[in-house]
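Visitor: I have the sequence and the model open in front of me. Could you walk me through some of the contacts, one question at a time?

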Amino acid sequence: MNEHDSEMLAGMLINLGYWENPVRNQADVILINTCSVRENADKRFFGTLGQLKKEKRNRPELVVGVCGCMMQQQHVVDTLKAKYPWVDLVFGTHNIHEFPLLLENILNERKKLVSVWDDGEEIVEGLPVHRKHPFKAYVNIMYGCNNFCTYCIVPYTRGRERSRNPEEILKEVQKLVADGVKEITLLGQNVNSYKGPKPDRVTFALLIYALNKIDGLERIRFMTSHPKDLSDELIQAYVDCTKLCPHIHLPMQSGSTAILKRMNRKYTKEGYLALVEKLRNAVPDIAITTDIIVGFPGEKEEDFEETLDLVQKAQFDSAFTFLYSIRKGTPAEKYGEQIPEDVKHQRFSRLVEAVNSISVEKNQAHVGRVEEVLVEGQSKTNRNALTGRTGGHKLVNFKGGKDLIGQIVKVRIIDSTTFSLTGSLE
Ligand code: 5AD
Ligand code: SF4
């Protein structure tokens with residue numbers, strides 16, 4: 001979502017006549033779009049900002065702006081005011097559409113501006129987007145989250161759930177397809193809770209059925225879905241909608257039912273596993289990926305072993321693994337029994353090892369198969385190689401000409417590693 005916000009900010013700048021300059025000390029405007037989900041990104045933000053202080057001293061006419069979900073936290077804005085007074089512009093996620101106006105004010109009046117809206121009831125449609133790829137696009141379908149997982153900052157920074165009108169979504173996707181987009185990724189903190197307006201109350205699954213009918217659109221993806229809301233209707237959509245890619249990102253967070261309860265996740269270890277089985281029964285080759293947090297307050301060795309056990313049983317294609325980090329203002333901040341850093345790190349290594357050994361086997365199973373791959377670009381390490389993604393979202397490297405970028409091609413898989421596949425064009 002943060003990446004897509006950046007695409008919109010870039011779109012607004014381009015509309016104003018700016019262009020992207022990769023050389024930082026030549027830019028007239030530097031804008032940092034922040035993420036507050038984990039501590040690392042938070043630290044990196046202040047590090048990057050510190051580096052910019054000298055730049056701003058050398059070139060006072062430079063405009064430095066900061067935005068994104070960190071700005072929705074009062075303590076961050078207070079720190080910026082106290083310690084980084086040279087920052088010109090501060091705005092949040094709820095008023096991202098105001099950016100061109102705010103920038104114009106800065107340029108005209110040369111006065112520092114802080115404008116962060118507490119809430120974003122209205123959905124602003126039609127913001128310009130500067131997409132990274134011409135053939136694939138992100139499409140927001142809803143904003144905010146009502147789940148209040150006890151470790152998570154998102155409900156406080158992105159506000160309550162608001163769904164876009166399905167007609168607006170369909171119109172946007174039709175326009176994207178007319179522009180050459182083949183693959184869309186529907187975005188929302190919890191896409192399963194998508195609900196169109198009364199009286200139809202279009203569900204997330206029905207939205208997918210409608211998108212599946214759009215001529216010229218080839219692939220539909222989405223993220224992220226919460227296990228507690230994964231409906232049978234959505235599982236059926238995987239069976240019926242040929243454009244819906246056989247991949248689901250289904251964050252498990254922990255394998256311990258006791259920890260899941262403390263996290264306020266509203267499902268059990270057995271419930272999660274039952275969902276995995278249901279998905280695989282309906283779509284045998286579905287790729288399942290996940291997010292896992294280690295070291296949540298109160299996590300005992302037995303709880304962690306439950307996580308390892310669920311990883312073994314669920315057989316994820318891959319997983320994003322995170323060390324729990326305290327987020328200010330969340331319920332878990334006040335929980336006792338915070339886990340010592342060394343214990344967290346040891347568990348993290350054991351988890352990564354378990355996850356990776358399954359990824360190796362999962363990828364190995366693709367060798368010999370022919371996969372459809374959307375070619376995304378040239379490989380970063382080998383200019384003669386192309387890279388793309390299968391329907392199951394696996395990264396594939398293979399030899400081919402640049403002219404194939406943006407096309408869906410058939411590739412025979414000949415080798416695999418933990419994180420990618422190698423193939424040859426059929
Ligand atoms: N600490 C560690 N990981 C977190 N996530 C969210 N909040 C935290 C936190 N405080 C992880 C969850 C979520 C992913 C986007 O980030 O696994 O699914
Ligand atoms: Fe955060 Fe939970 Fe909402 Fe996901 S579902 S954004 S983890 S509160």
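Visitor: Is Lys 313 buried, partly exposed or exposed?

Guide: Happy to start there, and please keep in mind that this is a predicted model. The relative accessible area of Lys 313 is 48%. Exposed would need over 50% and buried under 20%, so with its 48% Lys 313 is partly exposed.

Visitor: Which residue forms a salt bridge with Lys 313 at 2.7 Å?

Guide: Look within helix 11 (residues 301–314), where the two partners lie 4 residues apart, about one turn of the helix. The partner counts as partly exposed, at 26% relative accessibility. With the closest N and O atoms 2.7 Å apart, the residue paired with Lys 313 is Asp 309.

Visitor: Which residues are linked with Asp 309 and Lys 313 in a network of salt bridges?

Guide: Asp 309 and Lys 313 pair with each other, and they also belong to a network of salt bridges. The other members of that network are Lys 269 and Glu 306.

Visitor: How many residues apart are Glu 183 and Arg 221?

Guide: These two form a salt bridge, with their closest N and O atoms 3.2 Å apart. Both Glu 183 and Arg 221 are buried. Glu 183 sits in strand 8 (residues 183–187) and Arg 221 in strand 9 (residues 219–223), so the pair, which links distant parts of the chain by the DSSP strand assignment, has a separation of 38 residues.

Visitor: And for the salt bridge between Glu 426 and Arg 412, how many residues apart in sequence are the parts tied together?

Guide: The closest N and O atoms of Glu 426 and Arg 412 are 3.1 Å apart. Glu 426 lies in the segment after strand 17 (421–425), whereas Arg 412 is in strand 16 (residues 408–416), so the parts tied together are separated in sequence by 14 residues.

Visitor: Which of that pair counts as exposed?

Guide: Arg 412, at 34% relative accessibility, counts as partly exposed. Exposed means over 50%. At 55% relative accessibility, the exposed partner is Glu 426.

Visitor: Let's turn to the ligands. Which residue places a polar side-chain atom 2.6 Å from an oxygen atom of ligand 1?

Guide: Two other contacts can be set aside, since they involve the backbone: Tyr 151 has a backbone N or O atom 3.1 Å from a nitrogen atom of ligand 1, and a polar backbone atom of Ser 325 is 2.8 Å from a nitrogen atom of ligand 1. The side-chain contact at 2.6 Å to an oxygen atom comes from Asp 291.

Visitor: Which strands each supply at least two residues of the shell around ligand 1?

Guide: The shell includes Asp 291, Ile 293, Phe 322 and Leu 323. By class, it has 6 nonpolar, 2 polar and 3 charged residues. The strands that each supply at least two of the residues are strand 11 (287–294) and strand 12 (318–323).

Visitor: How many charged residues are in the shell around ligand 2?

Guide: That shell includes Cys 145, Cys 149, Cys 152, His 226 and Arg 265. Its residues divide into 7 nonpolar and 3 polar, and the number charged is 1.

Visitor: How many disulfides does the structure hold?

Guide: Take Cys 245, which is buried, with a relative accessible area of 5%. The closest cysteine sulfur, in Cys 241, is 12 Å from the sulfur of Cys 245, too far for a bond. For the structure, the number of disulfides is 0.

Methods:
Residues are numbered from 1 along each chain as its sequence is written. Chains are lettered from A and ligands numbered from 1 in the order in which they are written. This is a predicted model: local features need pLDDT of at least 70, side-chain atom pairs count only at pLDDT 80 or more; totals for chains, interfaces and linings use all residues. Side-chain values use heavy atoms; hydrogens and water are left out. A residue is near a molecule or strand if one of its heavy atoms lies within 4 Å of it. A polar contact is a pair of N or O atoms within 3.5 Å; within protein, one must be able to donate a hydrogen and the other to accept it, and residues adjacent in sequence count only if both atoms are side-chain atoms. Ala, Val, Leu, Ile, Met, Phe, Trp, Tyr, Cys and Pro count as nonpolar, Asp, Glu, Lys and Arg as charged, and the others, Gly among them, as polar. A disulfide is a pair of cysteine sulfur atoms within 2.5 Å. Buried means under 20% relative accessible area, exposed over 50%, partly exposed in between (1.4 Å probe, protein chains only). A salt bridge is a side-chain nitrogen of Lys or Arg within 4 Å of a carboxyl oxygen of Asp or Glu.
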